[in-house]
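The following paragraphs introduce a protein structure to a reader who meets it here for the first time. They proceed from the chain as a whole to individual residues.

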Amino acid sequence: MILYKNITHSLFILLALVSLCGFCNTATGQSSESNTALEKTRVLLILDCSNSMWEHWQSNTKIKVTQQVLLSFLDSVKEYGNIDVALRVFGHLNREQYGTRLEVPFGNDNIYRLQSKIKTLVPQGGCTAEAALTDALSDFPASGNCRNIILVVTDGMDDRDAEICNVARQVQLSGVVVQTFVLGIGAGEFNHSDCAGNFFPVRHEEDFSKTLDDIFQMSDKKAKVVINVVDEQGHLYETEHPVAFYDSRTGVSCLNTIYTIDGSMRADTLLMDPLITYDMTIFTHPPLRREAMQFSVDRTNFVDITVSEGTLRVRYRGARPPWQQPNVDVIVRRAGGERVAAQEVGETGQYLAGRYDLEIQTLPVTTLRNVEVRGQASTVLNVPMPGQLVLEKPKGIISGAIFRLNDGQVEFATDLNPSVSVERLLLQPGQYEVVLHPQQVARFDQVQTRRFVIESSQTTKIQF
């Protein structure tokens, strides 16, 4: 009887847990503490009733201990009006069928039905937690101001649950369920339980009360987190950077915010869920990432990130031309690697110290490789001011192209537009050749060509 008194006490703690537990909110990242009194908490119990639940577990069989725990829990629920419970069971249908069924749906005054069903459960089938979790989303009513929680009680996962990680992620992505807890009783195989939900092993009966108490203590509070982005000298960055937090287990976004500091040079304090292990990305160029971070509720958690950044600017060199300059993109890539960002000629971008390749979308494209950006320094690169080509084409042109000639090499610059008779193009300084393919021409030696020179800020006219 001492054991069941302890378990009953633990279930009161669980009751407080489900009515207070925090959860990820992709819109704000904060718990809805101000709305707790107005919300109903729906708890879907998913109970393992596979044949292994007949195994002896310390003072009794696993199923008998679990039944006593749940019956005591439901007695406590009667005293609260804002908690609704449903029951889904798996492994109880027959020995050959790995099935699951919603035995008691959510509804008012269903406690007697829940208790009656739990008393009559007989373990005999296989273990299919994956199937139960897959079907769980349809168990929650669509309407109402409710927080939906899943509590899985199982003594182990078998090979049939190999896809449970993907299933659990889809449950979390659905937005229907705000938190999933897995209580693993006994010493079974829990190979996939850590990704199925927030997993808490209960290896011994006497650990049951402490495990639930630990969950409650974490869920009842928020962890204070301060992100300190500092330079190499340890000074706080005044530049704002977007920051995203993800649930490390599911990859689901939990909080999107902006790193800022106030007038007293102090970074913002975030309130985070201590039950979740987080991955964090701070969107510098390129992004920086921290993984598997857990935050404590008994202290302020500091995340210190040292950033060495410099600025990069590409500008035109030469006299300003009389025509309007179009916006020209600069594609910035890691040296020999992936794209990092894009900016325009004349703009200043901020990048982590390192080496980059630049693709300046002039005609033809100007490529600058292995450009060094140094921390706390400004890198300024010059490209020649383009010149203008005014090309008057003869009638009946099907296609055409322009090439730049350089020391015997030919570089493609651009295709021509066959639908216009006069084409204006801004080209980088150099020697070029235009090639026109007239209509009705079948022989390559009848293609028309003309060589010309483009000078910065000057207009070159060609008439065929």
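Strands are DSSP runs of E, at least two residues long, and are numbered from the N terminus. Alanine 292 lies in one such run, strand β14. Alanine 292 has a positive phi of about 55° although it is not a glycine. With a relative accessibility of 54%, alanine 292 counts as exposed, because the term applies to values over 50%. The model in which this residue is found is a predicted one.

The wider setting may now be described. The protein chain has seven helices and 29 strands. Of its 464 residues, 49% count as buried. Among the contacts in the protein chain with a separation of 6 or more, 69% are accounted for by residues 24 or more positions apart. The area that the protein chain exposes is about 22,600 Å², and carbon and sulfur atoms supply 47% of that area.

Among the helices, α2 covers residues 62–77 and has 16 residues. From its first C-alpha to its last, helix α2 reaches 23 Å, close to the 22 Å expected at 1.5 Å a residue. Is this helix enclosed by the rest of the structure or open? Helix α2 is largely enclosed, because 13 of its 16 residues are buried.

Aspartate 109 also has a positive phi, near 55°, in a residue other than glycine. Aspartate 109 is placed in the loop between β5 (100–104) and α3 (111–120). Its relative accessibility is 78%, so aspartate 109 counts as exposed.

Two peptide bonds that lead into prolines deserve attention. The bond from histidine 285 to proline 286 is cis, with omega near -5°. Proline 286 belongs to the loop between β13 (278–282) and β14 (288–293), and β14 is the strand that holds alanine 292. The bond from leucine 363 to proline 364 is also cis, with omega near -10°. Proline 364 is located in the loop between β20 (354–360) and β21 (366–373).

The interior can be considered next. A search of the whole structure finds four cavities of 30 Å³ or more. The second largest cavity has a volume of about 70 Å³. Which residues line the second largest cavity? They are Ile227, Thr257, Ile258, Tyr259, Thr260, Ala267, Asp268 and Leu270. By class, this lining has five nonpolar, two polar and one charged residues. Strand β11 (residues 253–259) supplies the largest share of the lining, three residues.

Threonine 250 is found in the loop between β10 (241–247) and β11, and β11 is the strand that supplies the largest share of that lining. Is threonine 250 buried or exposed? At 4% relative accessibility, threonine 250 counts as buried, because the limit for that term is under 20%. Not counting residues up to four places away in sequence, threonine 250 touches Arg169 and Gln172. The C-alpha atoms of threonine 250 and valine 167 are separated by 10.0 Å, and the two residues are 83 residues apart along the chain.

Further along the chain, phenylalanine 403 is part of strand β24 (residues 397–406). Its relative accessibility is 24%, so phenylalanine 403 counts as partly exposed. Which residues does phenylalanine 403 touch, not counting residues up to four places away in sequence? They are Val410, Glu411, Phe412, Ala413, Gln431, Tyr432, Glu433 and Val435. Phenylalanine 403 and threonine 414 are eleven residues apart in sequence, and their C-alpha atoms are 7.3 Å apart in space.

The last residue to be described is glutamine 439, which lies in the loop between β27 (430–438) and β28 (448–454). At 48% relative accessibility, glutamine 439 counts as partly exposed. Leaving aside its neighbours within four places in sequence, glutamine 439 is in contact with Gly396 and Ile398. Glutamine 439 and lysine 395 are 44 residues apart in sequence and 8.5 Å apart in space, C-alpha to C-alpha.

Definitions and conventions
Residues are numbered from 1 along each chain as its sequence is written. This is a predicted model: local features need pLDDT of at least 70, side-chain atom pairs count only at pLDDT 80 or more; totals for chains, interfaces and linings use all residues. Side-chain values use heavy atoms; hydrogens and water are left out. Helices (H or I, at least four residues) and strands (E, at least two) are DSSP runs, numbered from the N terminus. Buried means under 20% relative accessible area, exposed over 50%, partly exposed in between (1.4 Å probe, protein chains only). Contact means heavy atoms within 4.5 Å. Accessible areas come from the Shrake-Rupley method with a 1.4 Å probe; for residues, only the protein chains shown count as cover. On a 1 Å grid over the protein atoms alone, a cavity is a set of points where a 1.4 Å probe fits but cannot get out, and a pocket is an open set with protein on both sides within 12 Å along at least five of seven lines; lining residues have an atom within 4 Å of a point. Grid points are joined across faces, edges and corners, and a volume is the space filled by probe spheres set on the points. Ala, Val, Leu, Ile, Met, Phe, Trp, Tyr, Cys and Pro count as nonpolar, Asp, Glu, Lys and Arg as charged, and the others, Gly among them, as polar. The expected span of a helix is 1.5 Å times one less than its number of residues.
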